[in-house]
Amino acid sequence: MLKILYVCLGNICRSPIAEGTMRDLIAKKGLSHKIFVDSAGTANYHIGKLPDLRTRQNAETHGINLTHSCRQIDIQDFLDFDYIVSMDTNNLADIQVLSLIAFGKHQPEESCFLLRKFDLESNQTDSVPDPYYGTKDDFENVYQIIKRSNEAFLNWIAKKHEY
């Protein structure tokens, strides 16, 4: 089974919506038996909590129910997941530092990258903006960025892995 881990700072806004939208896309393509999705944060601020209420409300408007329990990325994740997908450059750097400390090397770019690498409306090095201090519209904007990025990412996965 192919495994994808989405990562942001606290695992309460961006990475849970990335996990939820990807699960939804995977289910609609009938690939739930082939692809597993999870999310985590680089910080330990919200371990065990549900995603932010505004994130859950936004997801529900799109038919997605987020019940994820927030957690922090750990060393085992590097061994368990095929792709570690970061929401922004700061968290990508933190992921690479953790990998360097644990394994003496960075994760390869083929398996550890920014989600917006797949966003046709960005320069592919953009971060997904953090909506935490924003408005309802900011949460919707993040949802739209993540959804279109995940659609392209899933198409890439399906082609690469012949699903």
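The largest cavity in this predicted model has a volume of about 40 Å³. Residues are numbered from 1 along each chain as its sequence is written. Local features need pLDDT of at least 70 and side-chain atom pairs pLDDT 80 or more, while totals for chains, interfaces and linings use all residues; side-chain values use heavy atoms, without hydrogens and water.

**Exercise 1.** State which residues line the largest cavity, and which helices supply at least two of them.

*Solution.* Start with the term: on a 1 Å grid over the protein atoms alone, a cavity is a set of points where a 1.4 Å probe fits but cannot get out, and lining residues have an atom within 4 Å of a point. A volume is the space filled by probe spheres set on the points, which are joined across faces, edges and corners. One cavity of 30 Å³ or more is present. Its lining consists of C13, R14, I17, T55, N58, P131, F139 and V142. Helices are DSSP runs (H or I, at least four residues), numbered from the N terminus. Helix 1 (14-28), helix 2 (53-61) and helix 5 (136-160) each give at least two lining residues. By type, the lining has five nonpolar, two polar and one charged residue.

**Exercise 2.** Determine how many disulfides the model holds.

*Solution.* A disulfide needs two cysteine sulfur atoms within 2.5 Å. The count is zero. For C8, the nearest cysteine sulfur belongs to C13, 6.8 Å away. For C70, the nearest is that of C8, at 8.1 Å.

**Exercise 3.** Decide whether C8 is buried or exposed.

*Solution.* Buried means under 20% relative accessible area, exposed over 50% (1.4 Å probe, protein chains only). C8 has 2%, so C8 is buried. C70, also at 2%, counts as buried.

Note on methods. On a 1 Å grid over the protein atoms alone, a cavity is a set of points where a 1.4 Å probe fits but cannot get out, and a pocket is an open set with protein on both sides within 12 Å along at least five of seven lines; lining residues have an atom within 4 Å of a point. Ala, Val, Leu, Ile, Met, Phe, Trp, Tyr, Cys and Pro count as nonpolar, Asp, Glu, Lys and Arg as charged, and the others, Gly among them, as polar.
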